[in-house]
Amino acid sequence: MDRKGTSNVDASFLTGSNAVFIGELYAAYLKNPASVDASWASFFQDMGDDAQDLLNELSGASWAPSDATIIGAAGDAAPAKADGKSKAAAAPAGDSAAILKQAEDSIHALQLIRAYRARGHQVAVLDPLALGKKESHPELDHKTHGFTDADLDREIVLGGVLNMQKATLRQIIDACRQTYCGTIGVEFHHIQHPKHRDWLVKRFEKDRLEPAFSKEGKKAILERLTEAEGFEKFLGIKYTGTKRFGLDGGEATIPALEQVIKRGGQLGLKQVVIGMAHRGRLNVLVNLMHKPFSALFSEFQGNSPNPESVEGSGDVKYHLGTSADREFDGNVVHLSLTANPSHLEVVDPVVLGKVRAKQEQMGDTGRKQVMGLLIHGDAAFAGQGIIAECFGFSQIEGYTTGGTLHFVINNQIGFTTTPRYSRSGLYCTDIAKMVEAPIFHVNGDDPEAVVYCARLAMEFRQEFGIDVVIDMVCYRRFGHNEGDEPKFTQPLMYKKIEGHISTRTIYAKQLVDEGVFTQAEADAMMARFMHMMEADFESASSFKPNKADWLEGAWKGLAQMGEEEEYRDDKTGVSTDLLKEVGLALCTVPDGVAVNPKISRQLKSKKESIETGKDIDWATAEALAYGTLCVEGTPVRLSGQDCGRGTFSQRQSVIIDQNTENRFQPLNNIRPGKQAHYEVIDSPLSELSVLGFEYGYSLADPNTLVLWEAQFGDFSNGAQMIIDQFVNSGESKWLRLSGLVMLLPHGYEGQGPEHSSARMERYLQLSAQDNWQVCNLTTPANYFHALRRQMRRNFRKPLVIMTPKSLLRHKRCVSTLADMAEQSSFQRVYGEAEKIAAPAKVRRVVVCTGKVYYDLLQVREEKGIDDVAIVRVEQLYPWPKETLGRELAKYKNAEVIWCQEEPANMGSWTFIDRRLEYALDGIDIKAKRPVYAGRPPAASPATGLMKNHVREQNQLCEWALLTPVDQIPQPFRRISRVGKMAAE
Ligand SMILES: Cc1ncc(C[n+]2csc(CCOP(=O)(O)OP(=O)(O)O)c2C)c(N)n1
């Protein structure tokens, strides 16, 4: 297929001597599709419903096919051949020949109409600047379809196609051009679903005949354009050169978005979650969401959008979110614009997650009450991979939101880059075809067409529940921001723009010409608006934000984390009875479910551990946490790659019947009908969008435990933008809390560079201002408490956990039910757990975190060492200085080692080093500073060779437990490019 695409129906097929048989073949096809040659069959099939309408019309016109065409009528099912030798080859005589000619014309006309439906957008008048040369398309030439110019005035039977019974070829072409080649170019031929296609065809071809807007409608459009243009102009005057990423050139966005809300409200929409970038954001804030002008002007004066009492770093004004109710015709629609970072498009999955959470909260199972509205730039839409990831969610059970409405402000430039350098496809929206979304390309200088597309898009979404895209082709009047000189790079484009009058001016003139307004009335409208802003501008300096909006709605009853909260023991223990009830439910599968024998054995031993209250492993403790939360009424949502089974086969949340593949979830059958839902979802193979989605979910629903699990912790760096820009900084920048849990399998077991490290160092480096919690836990019970603590506190903070791999089946990594029972709680630090020498005799304390504890334990036992204590830091951040200090203070005569299995430039050493020193400072202990025992700095996180891994692991345990401190190699003392253990 070339760039323009060509039909798979060869037009020459319709010409020459075969043409006269088409009518007969067609009738034969309708009787029995198998009776005609396959190429003809697919040709007719391609014409779809239209062909049926046409046949009805033709037969109504007393057209009777000759007997010879009714293949199968006499029991003859042999396919007719279009080769001139079939039975149909006998040319009909007299009237019947004329009628056949009519049928042939009709079918040719249909082909032409279909070509317009498929290709009309390629010659549509989409670009206000008319930058590209519009070529005509060969498929849109009537000569391609067997007509000559002499046929232009011949009447052709259409049978209702294009809403016409009969028309001349000229009229048909005019109607097609009007419908498909005006200021709207619709792409829908990539849609497979016949219902969706038919709906679009019917709407377009019917609406061609009706005026789209009443006088009131037109007036409203002009008002919105006036506000959109007036606002940017006003800012341009008052804050000349200040960055605002103006909408100038794309003003039709505002009436279009308003139409989405208005029409949506009529169709049952109650909430819209909006995500958008910089372009036009301020305009959307004030003109769509009705943020007070004085509030915005106050921000332009450098003031905070929040009351002084609220802390946090804040963010630039074109990143901020807000929420508002808008009412049209008695329908109230709640709008919330999601705060976002500069990183283009990365907010998209966050918006979708919020939408999904709101749908669940509202019981919106049809997904018609809450919708995501994403507003994009053309370069970002074509360039950012997350767009494809988000489209991928569209129809997946665990992530669908019933269709997102996408609005692309296509100003035909991205910063300084023009489309030919920024994409390969014809349109910036081509990626949307992957979900068969209809795509409306529309000229931004025809606001009625833009608003019409908005209405249609909204209706389509409500009807079919799938994504839909509006690509508004416009221009950017100034540089990327208002301080930029666009003529450095696009001198010709900007010469054109300089001479181009604004959308509002064009539309006002249109309405004056139509007699809707006088020019004076239109001018007065603008003057009134400017005057109103001037008044708000005057009052902006005294504007005081009265409250922050972060603990409202679903967040009511929750609080900001208090100063002392960190050291409080939260009530996370559960009665033994409940633990047993949940535990036994985990092992119970209804009769008749054919359980895999290996899982049967697992369930049996799980049951034993529940009954005896001993040897509770990691996965069981996790399920106990989820199950007890569900029984207490807290839903749980866990998503990640293969997390239903668990990457390491440890979870088995879903029992699959081995005969039927039916699914059974024990966690939803503890107290069926009387417990909250446990939702576990195998995610698409993406990190960025899935983590974004779950983060978004957690923003909208603080009362569900939301977890994302990486397949291996290493892969979480594919989600780095969500981690950096949202999870760890969202509260500080935007006052948005989240209780999201990230589960990151981590641990050095010889599995090579990419299956060892969850990159703990990155999370620790990002830790500050109590922004989140980073844990590396060593017992199932502590995991149980950590998970429950997330929901049993009155504040929310993200929780990042390095989760185990080998420990999932480690004999010593087990807990008792008593460790989770009522009086138990989360442990930030575990002191020495075994019987060793009295504290005063302990000569060394090894402090560590995570799995290496068990390696150290084993070596200590093998070597019969009893004067070295091992202390575990379970929660690295917030750093438990006091608790750790208390633990270390027991060992007055000890030196202190920090032992880790990660290379020294990774893991927690650089984070821990000073903090440990400060913890030692002020307690009565011999050690002044910790000594490092672990792998030397390395470029790659781990060796790929098992032999080396084992050697390294033994070595670091030996250093930690046995080697005199002055002989343990310390990192960063000498620079070793080779990185040999001894060289450091
Ligand atoms: C992920 C990311 N990369 C780069 C940038 C820098 N940047 C900001 S705006 C912009 C151009 C965006 O073009 P487009 O999407 O067409 O929107 P427009 O500014 O034209 O409205 C770029 C490259 C960014 N913000 N985010």
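This is a short talk on the predicted model of one protein, from its overall layout to a few backbone details.

Hi everyone, and thanks for coming. Please keep in mind throughout that we are looking at a predicted model.

Let's start with the whole chain. The protein has 984 residues, and 59% of them count as buried. If you trace the C-alpha atoms along the principal axes, the span is about 115 × 80 × 60 Å. Within that span, the secondary structure comes to 29 helices and 24 strands.

How are the contacts spread along the sequence? Among contacts with a separation of 6 or more, 79% join residues that sit 24 or more positions apart.

Now the outside. About 39600 Å² of the protein is exposed, and carbon and sulfur atoms supply 50% of that area. As for charge, there are 114 positive and 127 negative side chains. The centres of these two sets lie 4 Å apart.

How confident is the predictor? The mean pLDDT is 90, and 90% of the residues reach 70 or more. Two stretches deserve some care, though. Residues 1-20 have a pLDDT below 50, and in the model this stretch makes 35 contacts beyond near neighbours in sequence. Residues 61-93 also fall below 50, with 45 contacts beyond near neighbours in sequence. When you scroll through such places, remember that coordinates with low pLDDT should not be read in detail.

Let's finish with the backbone. As background, most peptide bonds are trans, and most residues other than glycine have a negative phi. Here are some spots to look up on your screens.

Which peptide bond is cis, with omega near -10°? That is the bond leading from Y877 to P878. You will find P878 in the loop between strand β22 (875-877) and helix α27 (881-888).

Next comes D615, which is not a glycine and yet has a positive phi of about 55°. The loop that holds D615 runs between two helices, α19 (597-612) and α20 (618-631). Is D615 buried or exposed? The cut-off for exposed is over 50% relative accessible area, so D615, at 52% relative accessibility, counts as exposed.

Finally, please find S649, another residue other than glycine with a positive phi, this time near 60°. S649 belongs to the loop between strands β11 (636-640) and β12 (655-656). With a relative accessible area of 24%, S649 is partly exposed.

That's my tour, so thank you for listening, and I'm happy to take questions.

Key
Residues are numbered from 1 along each chain as its sequence is written. Side-chain values use heavy atoms; hydrogens and water are left out. Helices (H or I, at least four residues) and strands (E, at least two) are DSSP runs, numbered from the N terminus. Buried means under 20% relative accessible area, exposed over 50%, partly exposed in between (1.4 Å probe, protein chains only). Contact means heavy atoms within 4.5 Å. Accessible areas come from the Shrake-Rupley method with a 1.4 Å probe; for residues, only the protein chains shown count as cover. Lys and Arg count as positive and Asp and Glu as negative; His and the chain ends are not counted. The place of a charge is taken as NZ of Lys, CZ of Arg, CG of Asp or CD of Glu. pLDDT is the predictor's confidence in each residue, from 0 to 100.
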